[in-house]
Amino acid sequence: VYVADRANNRIRKITPDGNVSTLVGNGEEASVDGDLSTARIRRPTGLCFGDDGTLYFTESTGGRVRKITAEGQVTTIAGLGTAGYLDGAAADAQFNFPTGIAIDSKGNLFVGDFGNNCVRKIANGQVTTFAGTLDMGTTDGTGSEARFSAPNYIVIDADDNLFVSENLNHRIRKITPSGDVTTIAGSIEGSDDGP
């Protein structure tokens, strides 16, 4: 099990027999590339693994998406490091509190951009907005027609459908590979079971 230990600026590892160790980070809040002993990370939040063993993670207050290769090298793959909203070349793109992250079968990354109310896509060195806009809302639709309110964590299924939790809308939303957004559960804050 790998844990984003956000407040400690570390990513931790828990082995099947219960041993906890620090994979990367020494507590210093910084975004520094390098090997596992020299790299520094800033408020890690979401984690996902690629098929090749690469661990991808978001830095929420750092506004970056970074990766750790199977060989133990930490690099930044997207995000300028200042909060904002900008699509384009990955190194120049801006996020506003990126949280969840998932990778599809083609190696595309999807990021819950909590502060920008949208889901972003990283592919071929470019960041684009996959679904939603800066405007808050609860609208289902395709791509920019959809509205989110603080999309948070993301998981992906075998058919490359994304499932996104929304912090402020109290909903679980589904996004198909073609960008169609629907609400599959939830409506208001509460804990009632049912359809």
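This text walks through the strands, cores, salt bridges and cysteines of the structure above. The model is a predicted one.

Start at the beginning of the chain. Strand β1 covers residues 2-5, and strand β2 covers residues 10-14. The two run antiparallel and are joined by four bridges. Within this pairing, V3 stands opposite R12 of β2. The two strands make a hairpin, with four residues between them. In its turn sits N9, which has a positive phi of about 55 degrees.

Strand β2 also pairs with β3. Again the sense is antiparallel, and four bridges hold the pairing. R12 appears here too, standing opposite T22 in β3. So what lies between the strands of this hairpin? There are five residues between β2 and β3. In this hairpin G18 takes a positive phi near 95 degrees.

Move on to strands β5 and β6. Strand β5 spans residues 44-49 and β6 spans residues 55-59. They run antiparallel, joined by four bridges. F49 faces its partner L55, which lies in β6. These two strands form a hairpin as well, with five residues between them. G53 lies in the turn and has a positive phi of about 90 degrees.

Now turn to the nonpolar cores. The largest has 13 residues. Those with the most contacts inside this core are V65, A78, F95, I101, L109, I122 and V127. Which elements give two or more residues to the core? They are β10 and β11.

L109 is worth following further. Its neighbours within four places in sequence are left aside here. Beyond those, L109 is in contact with C48, Y56, V65, I77 and I101. The contacts of L109 also include A102, I103, R120, K121 and I122. A second core is separate from the largest one and has twelve residues. Among them are V119, A131, I154 and V181.

Next come the charged pairs. How many salt bridges does a search of the whole structure find? It finds eleven. Three of the pairs are described below.

One of the salt bridges pairs R43 with E29, and their closest N and O atoms are 3.5 Å apart. R43 lies in the loop between β4 and β5, while E29 lies in the loop between β3 and β4, so the pair ties together parts that are 14 residues apart in sequence. R43 counts as partly exposed, because its relative accessibility is 21%. E29 is also partly exposed, at 37% relative accessibility. The pair belongs to a wider arrangement: E29, R42 and R43 are linked in a network of salt bridges.

Another salt bridge joins the side chains of R66 and D33, at 2.8 Å from N to O. R66 belongs to strand β7, residues 64-68, and D33 to the loop between β3 and β4, so this pair ties together parts 33 residues apart in sequence. Is R66 buried or exposed? It counts as buried, because its relative accessibility is 0%. D33, in contrast, is partly exposed, at 38% relative accessibility.

The third pair is D160 and K106. Their closest N and O atoms are 4.0 Å apart, and they form a salt bridge. The pair links distant parts of the chain, 54 residues apart. D160 is in the loop between β15 and β16. K106 is in the loop between β10 and β11. The ends of the pair sit in contrasting surroundings. D160 is buried, with a relative accessible area of 12%. K106 is exposed, with a relative accessible area of 67%.

Finally, consider the cysteines. A disulfide is a covalent bond between the sulfur atoms of two cysteines. How many disulfides does this structure hold? It holds zero. C48 is in no disulfide, and the nearest cysteine sulfur to it belongs to C118, 17 Å away. Why is C118 without a bond to C48? Its sulfur is 17 Å from the one in C48, the closest cysteine sulfur, and that is too far for a bond. The cut-off used for a disulfide is 2.5 Å between sulfur atoms. C48 counts as buried, because its relative accessibility is 9%. C118 is buried too, with a relative accessible area of 0%.

Methods:
Residues numbered from 1 in each chain as written. Predicted model: local features only at pLDDT ≥ 70, side-chain atom pairs only at ≥ 80, totals over all residues. Heavy atoms only, no water. Buried < 20%, exposed > 50% of the residue type's maximum accessible area, 1.4 Å probe, protein only. Pairing = 2+ DSSP bridges. Core = buried A, V, L, I, M, F, W, Y, C linked by side-chain atoms within 4.5 Å. Contact = heavy atoms within 4.5 Å.
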